[in-house]
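Empty space inside a protein can be read as carefully as the atoms that enclose it. Please look over the sequence and the model below before following the account of its openings.

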Amino acid sequence: MLPLFFEASFRMRAPDDKFPPTASRLLEAAEAFGTPTYVYDEAVVRARVARLREHLKGLPLRLLYAMKANANPALLKIIREEGLGVDVVSPGEMELALRIGFLPERILFSANNMTDDEMHEAHGQGVMLNIGELSRLARFGEAYPGAEVCVRLNPAVGGGHHAHVVTGGERSKFGIPVADLGRVRALLRKHDLRLAGLHQHIGSGIMSTSLIWRAVRVLLEAARSFDELSFINLGGGFGVPYRPGERPLDLENFHRAIVEPLKAFRAAHPSPDLTFLFEPGRYFVAEAGALLTRVNTLKAANGRLFAGTDSGMNHLIRPAIYDAYHHVVNLSNPDGPLRTYDVVGNICESGDYFARDREIAEIREGDVLAVLDVGAYGLSMASLYNLRPLPAEALLPAAPGAAPRLLRPRRSPRALIDAFLAEHTGRARATV
Ligand SMILES: Cc1ncc(COP(=O)(O)O)c(C=O)c1O
């Protein structure tokens, strides 16, 4: 018997504009591969690439994908098929991009605070470096006089969905302050470096085109005085709607406010082959991903109803570190009456939650929930905290009628510990 206050908390279901059209395929994936499982919808990734391209039409354009958002190899292959390059921020990401088949000239290496070894590695692979510190630019010039380089500027404008993701402005560690442009110029001259590109990336989850435009204006002003530029990289950061009813970034307005001025800028710039780059991560993949998790424990305590799942902050840390909203739907009982839940994980932290005080169609133990819009910064920020294995990953192929495809199985706890001990002892299957 449920306590009385739960009976009182029933509501009729309101139409849910976030309920996934692929719900039956998601349930099929949960049946086939178990939970927890990240599932990516190929059609959504391709549609987002097409939509952004459409709104940048008319510009000499190269799109990169910021693979930190999600480095799943199947997604990277889709991105490569779509003709994009990649923005990488570590030797590991660069190695993966090269092995997936991205050509070095389609890769930009944007590591911050890189080591000498990382610098030599990227340059040795024929990958262009994007440098955001004066001392690194000096060391690059000393090592490779006459080389081409891209410089990341901090345009003194920043933004994003949370303070932790703001990467421009005076508190940001990223980029060379635009006020130091004279020192950049002196270093380029001293080492005979060719400034092939100027770059900025001011933050993540930005929903305001006017903020983007403010930063773009600063970068264009800087670019005006560099005649030999091949490209201007305006970064990523495009936000996506996470909440039901939230309006997406206004790309029509973006086109009007930014694309036309960029075209005019290019017409006036002396460089004949000047190209514009954008490098979104979230925009391409966030809405393509769902995390499937099974509720194993319902608990009524202190006037709250906790739905305890087989996943947690180890698999999706965004709610814990950004208080991020992710819509949660009950795939197993979509038409159930609404009740208010805290949807929580199985990790020993009180920040371990997916949703708080959230109305969801009635949840029963054993039901499968989908945590939505987790294709970006979901698995890529996951950890082995509490020594629980990572979720499986699966793809919903775009081909009509195609069954969900397992991309990466979930490890058993035993296999995880085998690998863990083997790394520590150097023996294939070790005990200590
Ligand atoms: C240099 C750089 N480019 C692009 C991105 C992608 O950002 P987003 O996923 O918000 O588009 C990031 C994210 O932090 C970044 O640091």
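The paragraphs that follow move from the ligand and its surroundings to the pockets and then to the enclosed cavities.

The model is a predicted one, and its ligand offers a convenient starting point. Where does the ligand sit? It sits in the largest pocket, and the shell around the ligand holds 14 residues, of which Ser 204, Gly 237, Glu 279, Arg 282 and Tyr 377 come nearest. Sorted by class, this shell is made up of 3 nonpolar, 6 polar and 5 charged residues.

Several polar atoms of the ligand can be followed to partners in the protein. An oxygen atom of the ligand is 2.4 Å from an N or O atom in the side chain of Ser 204, while a nitrogen atom of the ligand is 2.7 Å from an N or O atom in the side chain of Glu 279. At Gly 281 the partner belongs to the backbone, where a polar atom is 2.9 Å from an oxygen atom of the ligand. Of the 390 Å² that the ligand exposes when taken alone, the protein buries 92%.

The pocket that receives the ligand can now be considered in its own right. The largest pocket contains about 690 Å³ of space, and its lining comprises 33 residues, with Lys 68, Val 165, Thr 167, Phe 174 and His 201 lying nearest its centre. By class, that lining divides into 11 nonpolar, 15 polar and 7 charged residues. Both domain 1 (10–40 + 287–423) and domain 2 (42–286) contribute to the lining of the largest pocket, each with at least three residues.

The second largest pocket has a volume of about 420 Å³. Its lining consists of 23 residues, and those nearest its centre are Lys 18, Pro 20, Pro 21, Glu 287 and Asp 373.

Enclosed space remains to be described. Rolling a probe the size of a water molecule over the atoms shows where empty space is left. How many cavities of 30 Å³ or more does the structure hold? There are 2 cavities of that volume or more, and the largest cavity has about 60 Å³ of space. Around the largest cavity lie Gln 200, Ile 202, Ile 206, Ile 212, Ala 215, Leu 234, Gly 236, Phe 238 and Phe 278, a lining with 7 nonpolar residues, 2 polar residues and no charged ones.

The second largest cavity has a volume of about 50 Å³, and its lining is formed by Ser 110, Ala 111, Asn 112, Asn 130, Gly 132, Glu 133, Arg 152, Phe 174 and Gly 175. Here the residues divide into 2 nonpolar, 5 polar and 2 charged. Phe 174 appears in the lining of this second largest cavity and is also among the residues nearest the centre of the largest pocket.

Notes: Residues are numbered from 1 along each chain as its sequence is written. This is a predicted model: local features need pLDDT of at least 70, side-chain atom pairs count only at pLDDT 80 or more; totals for chains, interfaces and linings use all residues. Side-chain values use heavy atoms; hydrogens and water are left out. A residue is near a molecule or strand if one of its heavy atoms lies within 4 Å of it. A polar contact is a pair of N or O atoms within 3.5 Å; within protein, one must be able to donate a hydrogen and the other to accept it, and residues adjacent in sequence count only if both atoms are side-chain atoms. Accessible areas come from the Shrake-Rupley method with a 1.4 Å probe; for residues, only the protein chains shown count as cover. On a 1 Å grid over the protein atoms alone, a cavity is a set of points where a 1.4 Å probe fits but cannot get out, and a pocket is an open set with protein on both sides within 12 Å along at least five of seven lines; lining residues have an atom within 4 Å of a point. A molecule sits in a cavity or pocket if more than half of its atoms lie within 2 Å of its grid points. Ala, Val, Leu, Ile, Met, Phe, Trp, Tyr, Cys and Pro count as nonpolar, Asp, Glu, Lys and Arg as charged, and the others, Gly among them, as polar. Grid points are joined across faces, edges and corners, and a volume is the space filled by probe spheres set on the points. Domain bounds come from an automatic or database domain assignment.
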